[in-house]
Every structure is written in structure tokens, then in C-alpha cells.
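Reader: Please show me the structure, and explain the terms as they come up.

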Amino acid sequence: DNGSTDNTAEGLKEASHRYPNLRVIRNEMNLGFAKASNQGAREARGTILVFLNNDTTPEPGWLQRGVDRLKADEEIGVVGAKLLYPDRSIQHGGIEFFRTAGSPYPVWPFHRFRFASEEDPKANEPGEVKAVTGACLFVRRELFEAVGGFSEDYGMYFEDTDLCLKIRAQGKKVFYEPRCVVIHHEGKSSAGQE
């Protein structure tokens, strides 16, 4: 709980009664995505770490499909999900980099298939991508630790892209698994969002 001001604390208390293996970490203030995610990773006990934003609603089978894809190939270092907007159009199908003209940044990361139909055949092909978003990301613990986890140098955003690039530099693949589906209420947990 990264400094929540809503009823998250009560919900976690109730969930800890139902799930005895649940361990709750409460930060009095929001430490930011990278720092809180690294904190959770240090406390986790599994060999696979799963990062899932609090503004998401996973579809049935999402967890097993992501884990299965990661376990299917030792060369895969990271797996990302197909993220849908609440209207079920695609928000994210992996990240590609594009050159931008007239921008202060010569290269910029873009979500593949953004706003396409969830049924788009190309968006439903699993495969290697340049990066995936941290809104739903699967990674082997050993690899996550070897690259230093999420960089805490970013204020907000790009920690996930940076992690993927560090893992690719280790010779591992970043993979998009479209059968792992999560609804992403993008930005709903950020300040100033409805």
C-alpha cells in the first residue's frame, strides 16, 4: 500500500484474513512506482515476480498465461500482457520505438496496437517486442535482481522501459503474451485523475 488515501488499508486487512500468505507492506507516503515495486520485490518469496498496477482488472486466466509464457522459454526474461481500455479497445500490445520529428526527443516509445480492436489478428500474435509496460509485467526474480530492479532515478514513467532494455542487454527476450489480458483503467491511480 503505497500511501493510499482511500479504503485500501481496510481492503487489505480483510484480504489478509482470507489469504493467510498475504503480506501487507504499508508506506505512509507514496514512494513512487519504482521504489515501492523494488520494496515489494525484496519482500516477495517466489522465483517469478509479477507487477500489476492497482488500476487494473485482470481477466480470468491472466496469471497462469503470463507465468506459462515465461516458463516456456529460458531465453524470455520479461513477459507483458495485452492491456485493454475499459471499452475493450487495446491500450498496450508491447512497446516499439519510433523516431520523432520536431520533438525534443529523437526516439520515443509507443504502445503497439493502441486503440485497435481486441480482436485484431496482429494484436493477438505472441512475440518478441522491444519493451512492455509495468502495468502488468512478469519477470524472473534472479534476473530482476541481477539488473538492479526498477531504476529509482525516474520520477514517474519509463522505469518499465528501462528495466526491459537492461534485460535485453543481458541477452534475454522481452515478450508480449496476448492471451494474458488485463483491463487497464489508465491513470486512475495518479494524482489529478478521475
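Author: Buried means under 20% relative accessible area, exposed means over 50%, and partly exposed lies in between (1.4 Å probe, protein chains only). Strands (E, at least two residues) and helices (H or I, at least four) are DSSP runs, numbered from the N terminus. This is a predicted model, in which local features need pLDDT of at least 70 and side-chain atom pairs count only at pLDDT 80 or more, while totals for chains, interfaces and linings use all residues. Residues are numbered from 1 along each chain as its sequence is written, and side-chain values use heavy atoms, with hydrogens and water left out.

Reader: What makes strand S9 mostly covered?

Author: Strand S9 spans residues 173-184, and 10 of its 12 residues are buried. Those 10 therefore fall under the 20% limit.

Reader: How do you know that S3 and S9 pair?

Author: Two strands pair if DSSP finds at least two bridges between them. Strand S3 (residues 76-84) and S9 have eight bridges, so they pair, in the parallel sense. Leu84 stands opposite Ile183 in S9. Strand S2 (residues 56-58) runs antiparallel to S9, with three bridges, and Thr56 stands opposite His184.

Reader: Why is a set of 26 residues called a nonpolar core?

Author: A nonpolar core is a set of buried Ala, Val, Leu, Ile, Met, Phe, Trp, Tyr and Cys residues joined through side-chain atoms within 4.5 Å. The 26 residues meet that description, so they count as a core, the largest one. Phe51, Val78, Val139 and Phe144 have the most contacts inside this core. S9 gives the most to the core, with four residues.
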